[in-house]
Amino acid sequence: MTEQDGFRALYNKYRPQQFAEVVGQKHIVRILQNSLAHNRVSHAYLFSGERGTGKTTVARILAKAINCLEGIQPEPCNRCANCQQVGSESFLDLIEIDAASNTSVDDIRDLREKVRFRPSTGRYKVYIIDEVHQLSRSAYNAFLKTLEEPPDHAIFILATTDPHRVLPTIRSRCQHLRFRRHTHSDTVDALARIAEGEDMMVAGEALHLIARNADGSLRDAIGLLDQAISFFEGTLTEQSVQDMLGLTGTEASAALTGAIAEARAGDVMRLVNQAVQDGGSPASIQQELVNYVRGLLLAKTGRRDQNEMYFAEAEIDIMESLAEKFGVGQIVRCLELLGESGSFGRAGQSAQLELELALVNACLMMTGAEEGDRGAAESVVIEGDAIADA
């Protein structure tokens with residue numbers, strides 16, 4: 001990218017321009033490429049999946065492939081005028097509509113009037129309607145006739161994060177393709193390629209942390225990487241990402257889990273307080289602990305898989321050794337206690353207290369005592385402090 005090009009967000013700069021570059025949606029790519037190879041492209045598609053999984057990206061690549069000047073083929077050439085105009089979002093026959101802000105029946109009637117006109121330069125007019133589930137019922141009814149009997153020069157691609165809210169009469173007239181959440185390893189690999197393309201030194205643990213906090217959305221992961229690059233110079237470390245996101249990190253989660261395993265309630269409260277003093281919120285500490293203890297459960301049940309655990313290999317090694325200190329039932333109970341805590345919706349010291357109570361109860365559970373047993377609680381705290389002072 002030259003200086004004249006100006007700043008571009010990483011998720012735009014590295015947006016796939018052909019099917020081969022699409023990450024984590026091989027089943028979608030195979031279906032579409034086979035359709036293109038045999039000239040059996042449907043007049044209407046419904047792309048469903050969570051945010052950031054590539055729905056709009058794949059829709060644009062499909063628009064390229066069916067309007068490529070070198071002919072309809074499984075991969076667009078990316079050299080002809082049509083392909084380049086689609087890539088620069090200036091292709092007149094590619095119309096993108098945000099249904100969230102164009103929900104009325106009048107908007108759909110306007111679409112119905114314009115769809116009758118033949119394409120300006122391409123073979124097909126391609127309409128990408130994003131968040132189609134937000135159309136009003138009257139707009140759906142107005143759109144239904146066009147979808148039933150579309151002009152032979154029009155293709156509709158409907159995208160949604162909530163396919164169940166799309167009327168069955170609309171769904172039944174579309175070829176429904178379901179996009180999957182990106183796996184942890186796919187996300188980490190994609191981030192590593194982008195970091196290499198930007199000549200950035202990024203620690204592997206930092207990439208794993210970003211991927212874990214993107215929750216299956218590659219776009220969100222790339223956005224977090226872009227944010228991290230903007231905030232920090234030099235090598236991007238795990239600590240840098242933790243500081244940016246206000247997280248405590250796996251070391252703190254491991255220390256807390258280890259304290260619970262040995263029923264050291266005094267250490268648990270000290271570690272929680274230290275994490276809060278370091279800038280972590282009780283809600284973020286709780287969420288990190290939930291993810292970590294879930295990892296312990298997977299390790300305990302022999303499910304060592306990065307795509308299920310969302311942690312780096314070295315971190316999984318530590319988790320496996322910690323898991324040996326728990327029974328399966330004890331790990332499950334820890335997750336229940338963390339889930340019962342109300343600290344996600346609270347703020348300040350009350351949130352911290354909620355979290356501390358949940359973790360002290362986890363210590364009680366490890367000794368065989370039930371929550372509410374004051375004598376057992378005092379014993380656990382005293383024993384915990386004694387171990388910490390030893």
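These notebook entries record what I looked up in a predicted model.

**Entry 1: the largest pocket**

I began with the open spaces. The largest pocket holds about 690 Å³. I listed 29 residues in its lining, and those closest to its centre are Tyr-11, Arg-15, Pro-16, Gly-54 and Thr-57. I then asked which elements give two or more residues to this lining. They are α3, α8 (184-197) and α10 (218-231). The largest share comes from α3, which gives five residues. Sorted by class, the pocket lining has 10 nonpolar, nine polar and 10 charged residues.

**Entry 2: the cavity**

I next searched the whole structure for cavities of 30 Å³ or more, and one was found. The space in the largest cavity is about 30 Å³. Which residues line the largest cavity? I noted Ile-260, Cys-334, Leu-337, Leu-338, Ala-358, Leu-359 and Ala-362. At least two lining residues come from each of α17 (328-340) and α18 (348-367). By class, I counted seven nonpolar residues in the cavity lining, with no polar and no charged ones.

**Entry 3: the largest nonpolar core**

I turned to the nonpolar cores. The largest comprises 35 residues, and the ones with the most contacts inside it are Ile-260, Leu-296, Phe-326 and Leu-359. To this core α12 (250-261), α13 (265-277), α14 (282-300), α16 (313-323), α17 and α18 each supply at least two residues. As a general point, nonpolar side chains tend to be buried together in soluble globular proteins.

Ile-260 and Leu-359 appear both in the cavity lining and among the core residues with the most contacts, and I examined Ile-260 further. With neighbours within four places in sequence left aside, Ile-260 is in contact with Val-268, Phe-326, Cys-334, Leu-359, Ala-362, Cys-363 and Met-366. Among these partners, Cys-334, Leu-359 and Ala-362 also line the cavity.

**Entry 4: helix α2**

Finally, I checked the geometry of α2 (residues 26-37). At 1.5 Å a residue, its 12 residues should span 16 Å, and the end C-alpha atoms are 16 Å apart, so the two values agree.

Which residues of α2 are buried? I recorded His-27, Ile-28, Val-29, Leu-32, Ser-35 and Leu-36. In an α-helix there are 3.6 residues a turn, so residues three or four places apart point the same way. The buried residues of α2 pack against β1 (44-48), α3 (55-67) and β5 (175-178). Thus α3 enters my notes twice, as a packing partner of α2 and as a contributor to the pocket lining. After α2 comes Asn-39, which has a positive phi near 55°.

Key. Residues numbered from 1 in each chain as written. Predicted model: local features only at pLDDT ≥ 70, side-chain atom pairs only at ≥ 80, totals over all residues. Heavy atoms only, no water. 1 Å grid on protein atoms, 1.4 Å probe; cavity = no way out; pocket = protein on both sides within 12 Å on 5 of 7 lines; lining within 4 Å. Points joined across faces, edges and corners; volume = space filled by probe spheres on them. Helix = DSSP H or I, 4+ residues; strand = E, 2+ residues; numbered from the N terminus. Nonpolar A, V, L, I, M, F, W, Y, C, P; charged D, E, K, R; others polar. Core = buried A, V, L, I, M, F, W, Y, C linked by side-chain atoms within 4.5 Å. Buried < 20%, exposed > 50% of the residue type's maximum accessible area, 1.4 Å probe, protein only. Contact = heavy atoms within 4.5 Å. Expected span 1.5 Å × (residues − 1).
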